[in-house]
Amino acid sequence: MIQFFEAFGIWLGAFFTFAIFSFLYKDNPVYKIAEQVFVGLSAGYWFVYTIFSIIIPNLYNPITQNFSENWIKIIPAILGVMMLMRLIPKTSWISRFPISLVIGTTSGVLFLRYLKSDVINQMTATMINPFIGGSWVEIIGKLMLVIGTLTGVVYFYFSKKHEGAFGSTARIGIYFLMISFGAAFGYTAMARISLLIGRLQFLLGDWLKIIGP
Amino acid sequence: MAKRKQIDRRWIFLLIFLGVALPLIIKVGLPVEITKNVQMVYELVENTPKGSTVLISFDYDPASMPELHPMGLSLLRHCFQRDIKVVFTAMWPMGVQMAEDIVTTLKPDFPKKKYGVDYINLGFKAGGMVTIQSIGKDLKKIFPEDMYGSPITEFPIMQDVNNYNNIAFVFSLSAGAPGIKEWVQIVSDKYNRPTSGGCTGVSAPAILPYVNEQKQLTGLLAGLKAAAEYENLVGKIGSATSGMDAQSIAHLIIISFITIGNINYWRKKNKQKKDRKK
């Protein structure tokens, strides 16, 4: 019985893979069915997951099992209910309070973390002597890092007209930006092909058994 | 006239499909060079003393399996080979199943590794950055039970693990947020503990700047290529390495089409210039 369901699952996976791929030829009803099934399944899965993996272990169990130590969890529970008031037009204004609280606390937590990690530490990482240590390839790499950072920042300075030496520096910044966009495109292409490889490994391996594991 | 010169994009899809499918069936065996970032991850594991405990967070779902699963498999194999104890967490709900799948795959190769002694799965916890931050204060308060509902204090592996001070390094297999970025911001930048990770190719350009002189990240496994490199370093060839032939050939096809497109563009431009002069 288990083997039957395993095989059935693989065939189902193969069918839906082809159904989605069929869109590459043109839009069609089989693709539409696969799309709708995916949306419906996802919604159902997340609904059940939220109840059994978030609400029950984090709220229901602690309150019912040890109320005296976990009574404070009633406050976020009330805020959660207030958020749901959004579904009723007449009471939707109540949801503004929990949303405000979430925005405020998130901003506070993230501001400090991003300031340290993405601003201060990133700036410190570019304040280096490129000529110390390493091979000539590493020295060139470090020089590129310093020049690229400085010229890139200059390009985003808009309070002075981009002309003369300032304009030339900004132009070098654009070249660095273009190269980084190219690298990002390359990585994106690699990622998309990797997904196709994953699907084909499933079709040729698990389904057709042409290739080994 | 202009329309006639354009290739129907479905031919490109077909070529890419064949370019990926054929090398998977007929192995070409193109070489896989080891890059510095992957070597750094490998050395991080190699330099971790035997018996230490590390934390691997599975922050992805099946959509990113082709890229991240081979990384997780090789990394866990490396940890088990080095007798490093592993604590699994997941900031993504389906990450729990990803970790379980990897352990099941490795089980025949490491039959002596015991749940609760050599590794443990603490499961998923919502909250992202707040959860990661709270682990730094008291891990047992955030994860009082493992994924099966047993109190974690019962397991030998968790006896001396209370926060990041008791963890040799943290590794996040990340497909987005919450993921590597959040782990870097808390574990590396707040608690100064070694942090490393593996990410999808799409998110690599945003994560790579953290591999810097400040050592916010100790190496990075970016995309399928890095997964293949790690498989080669660990000495167990898997799906990533066998996928690299297909990856390289697909890239060659894409590069060819970009080149042809650009040549056509320049020819068209030059022709327009000449026509204007006439």
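Visitor: Which residue in β5(B) stands opposite B:V170?
Guide: B:T195 stands opposite B:V170. The model is predicted, and local features need pLDDT of at least 70, side-chain atom pairs count only at pLDDT 80 or more, and totals for chains, interfaces and linings use all residues. Residues are numbered from 1 along each chain as its sequence is written, while chains are lettered from A and ligands numbered from 1 in the order in which they are written.

Visitor: What makes β4 and β5 of chain B a pair?
Guide: Two strands pair if DSSP finds at least two bridges between them. Five bridges join β4 (residues 170–174) of chain B to β5 (residues 195–199) of chain B, so the requirement is met. The two strands run parallel. Strands here are DSSP runs of E, at least two residues long, and helices are runs of H or I, at least four residues long, numbered from the N terminus.

Visitor: Why do β3 and β6 of chain B stand at the edges?
Guide: The open sheet has six strands in the order β3-β2-β1-β4-β5-β6 (chain B), with parallel pairing. β3 (119–124) and β6 (220–222) of chain B each have a single partner strand, so one side of each is left without a neighbour in the sheet. From one strand to the next, the twist averages 15 degrees.

Visitor: How do you know that chain A is more spread out than a compact globule?
Guide: The elements of chain A, from the N terminus on, run α-α-α-α-α-α-α. For 213 residues the globule rule (2.2 Å times the number of residues to the power 0.38) gives 17 Å, and the radius of gyration of chain A is 27 Å, well over that, so the chain is more spread out than a compact globule. That radius is taken over C-alpha atoms.

Visitor: Why is α4(A) called oblique to α5(A)?
Guide: The axes of α4 (residues 74–84) and α5 (residues 96–126) of chain A come within 7 Å and cross at roughly 120 degrees. Angles under 35 degrees count as roughly parallel, over 145 as roughly antiparallel, 65 to 115 as roughly perpendicular and the rest as oblique. The crossing therefore makes α4(A) oblique to α5(A). Axes are lines fitted to C-alpha atoms, for helices over the stretch in contact, and angles run from 0 to 180 degrees between N-to-C directions.

Visitor: Which residues make the contact between α4(A) and α5(A)?
Guide: A:L79, A:M82 and A:M83 of α4(A) and A:F97, A:P98 and A:L101 of α5(A) make the contact. Two residues are in contact if their C-beta atoms, placed from the backbone, lie within 7 Å.
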